[in-house]
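Please examine the sequence and the structure shown below before reading on. The paragraphs after them are meant to be followed with the structure in view.

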Amino acid sequence: MFMKETIENTKLEVEDIEQQIRELSNTHVLFDEEQLEVKNTLIFSMVDGKVCNSITGTSSQNCYICGCKPTEMNNIEAIKSRPVIKENYRYGLSTLHAWIRFFEYFIHLSYKLEFKTWQVKAENRDQYNARKKLVQNKFRAEMGLLVDIVLQGHGTTNDGNTARKFFKNAETSSLCTGIDVNLIKRCGNILSTIASGYTINIEAFEKYCINTAKVFVSLYPWYYMPASVHKILLHGADVIRYSPLPIGNLSEEAQESRNKDYKMYREHHTRKNSRLNTNEDLLHILLISTDPYISSLNRQTNYYSKELTMEARTLLIQHNDDAEYSKIEEDMELNHSLSELNF
Ligand SMILES: [Zn+2]
């Protein structure tokens, strides 16, 4: 559809998809002379925070799980006893966007480190702009990263790759931003744990998240924790408990990573004599490449798993499973040979 992503349009689209889910009929399979019936359960987990806020009717600054407002975000003890809307756990954790949200939290915090207020007052405006420039220049010089630069028409330069680089190089990132290095490391551990696709040790994870939230508010009490960070640290463990699969498998990354395929297919594999033909060809090639058999040949290894720190591994169950790791190695080789096919 050629239309703007408004709250109204998002709601209509979600209703339409939910209706289609309700109308799904069970799949019947004959297996070993037994009639099997497969019930399809579809989960809305690949949505980003913006969509969650639209469907739950929450302002982007508030939490759609506990309704917490920015001014209440830093009172960790009070939040723990707030009533929650359990139904909204089903929207998952948007693990891909989480990297970017945490990263932006840190750089915005860094811009304000000198005057230590959440909102930038008029008298601090120049100081803010100067520090922003300084931080951006440091990132460019130290890590070759373009940070927080607005791109005409599509957001900023803050993408998943920039964010992952930031957490992977915690020491340098701390030098560039002036933010406590341990806090950056802790958040990096949390993010790579939820992205890993492994089964998480929920009790250990919950404790680690709450303690991280406490470190946040004790170091930076003047900066209200953003709702997206609050969601992971305070509700992350409960969302994972509710999730039917390892949370990393429910990431919106699957569809986000299709954006570049979409562009490439549209440019090179479609007729351009009408919009209808273009869309038809595009859908055909998307269908081919998502065919269960074909996509199983090119199963992507979860590359986060290679980057898990020892501390992050303590948040997982069976983090020392050698069989699992040798399987990863095998997959890497398989992917390597398949990447030459590149279809
Ligand atoms: Zn909340």
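What follows is a guided account of this structure, from the whole chain to individual residues.

The model under discussion is predicted. The protein chain contains 16 helices and 2 strands. It has 343 residues, of which 41% count as buried. Among contacts in the chain with a separation of 6 or more, 64% are made by residues 24 or more positions apart. The accessible surface of the chain comes to about 20,100 Å², and carbon and sulfur atoms account for 53% of that surface.

The account of individual elements may begin with helix 1, which spans residues 7-22. E13 is found in this helix, and E13 also belongs to a patch of negative charge on the surface, where it gathers with E8, E15 and D16. The relative accessible area of E13 is 34%, so the residue is classed as partly exposed. A residue joins such a patch only if its relative accessible area is over 30% and it has no salt bridge.

Helix 1 also has a partner in helix 2, whose buried residues pack against helix 1. Helix 2 covers residues 49-56, and its buried residues are V51, C52, N53, S54 and I55. Just after helix 2 comes G57, which takes a positive phi of about 65°.

The two strands bring a second surface patch into view. V29, F31, L36 and V38 make a nonpolar surface patch of about 320 Å². Strand 1 (27-31) and strand 2 (34-38) are the elements that give two or more residues to this nonpolar patch. V29 has its place in strand 1. With a relative accessible area of 34%, V29 is partly exposed.

The next topic is charge pairing. How many salt bridges does a search of the whole structure find? The search finds 14. In one of these, the side chains of R90 and E87 meet at 3.4 Å, N to O. R90 counts as partly exposed at 24% relative accessibility, whereas E87 is exposed, with a relative accessible area of 52%.

A further salt bridge joins the side chains of E104 and R101, again with an N to O distance of 3.4 Å. These two residues lie 3 residues apart in helix 4 (residues 95-111), and therefore E104 and R101 are separated by about one helical turn. An α-helix has 3.6 residues a turn, so residues three or four places apart point the same way. Is E104 buried or exposed? E104 is buried, because its relative accessible area is 14% and the limit for that class is under 20%. R101, by contrast, counts as partly exposed at 32% relative accessibility.

The salt bridge between the side chains of R241 and E206 has an N to O distance of 2.8 Å. This pair links distant parts of the chain: R241 lies in helix 10 (residues 227-242) and E206 in helix 9 (residues 202-219), with their positions 35 residues apart in the sense that they are 35 residues apart. R241 is partly exposed, with a relative accessible area of 37%, and E206 also counts as partly exposed, at 27% relative accessibility. The pair belongs to a wider arrangement, since salt bridges that share partners join E203, E206, D238 and R241 into one network.

Two asparagines complete the account. N124 lies in the loop between helix 4 and helix 5 (125-143). At 11% relative accessibility, N124 counts as buried. Not counting residues up to four places away in sequence, N124 touches F115 and T117. N124 and E114 are 10 residues apart in sequence, and their C-alpha atoms are 9.2 Å apart in space.

The other asparagine, N189, has its place in helix 8 (residues 181-195). N189 counts as buried, at 5% relative accessibility. Which residues does N189 touch, not counting those up to four places away in sequence? They are Y208, T309, E311 and A312. Of these contacts, Y208 falls within the residue range of helix 9 (residues 202-219).

Key:
Residues are numbered from 1 along each chain as its sequence is written. This is a predicted model: local features need pLDDT of at least 70, side-chain atom pairs count only at pLDDT 80 or more; totals for chains, interfaces and linings use all residues. Side-chain values use heavy atoms; hydrogens and water are left out. Patches are made of residues with over 30% relative accessible area and no salt bridge: like charges are joined within 9 Å, nonpolar side chains (Val, Leu, Ile, Met, Phe, Trp, Tyr) within 5 Å. Accessible areas come from the Shrake-Rupley method with a 1.4 Å probe; for residues, only the protein chains shown count as cover. A salt bridge is a side-chain nitrogen of Lys or Arg within 4 Å of a carboxyl oxygen of Asp or Glu. Lys and Arg count as positive and Asp and Glu as negative; His and the chain ends are not counted. The place of a charge is taken as NZ of Lys, CZ of Arg, CG of Asp or CD of Glu. Helices (H or I, at least four residues) and strands (E, at least two) are DSSP runs, numbered from the N terminus. Buried means under 20% relative accessible area, exposed over 50%, partly exposed in between (1.4 Å probe, protein chains only). Contact means heavy atoms within 4.5 Å.
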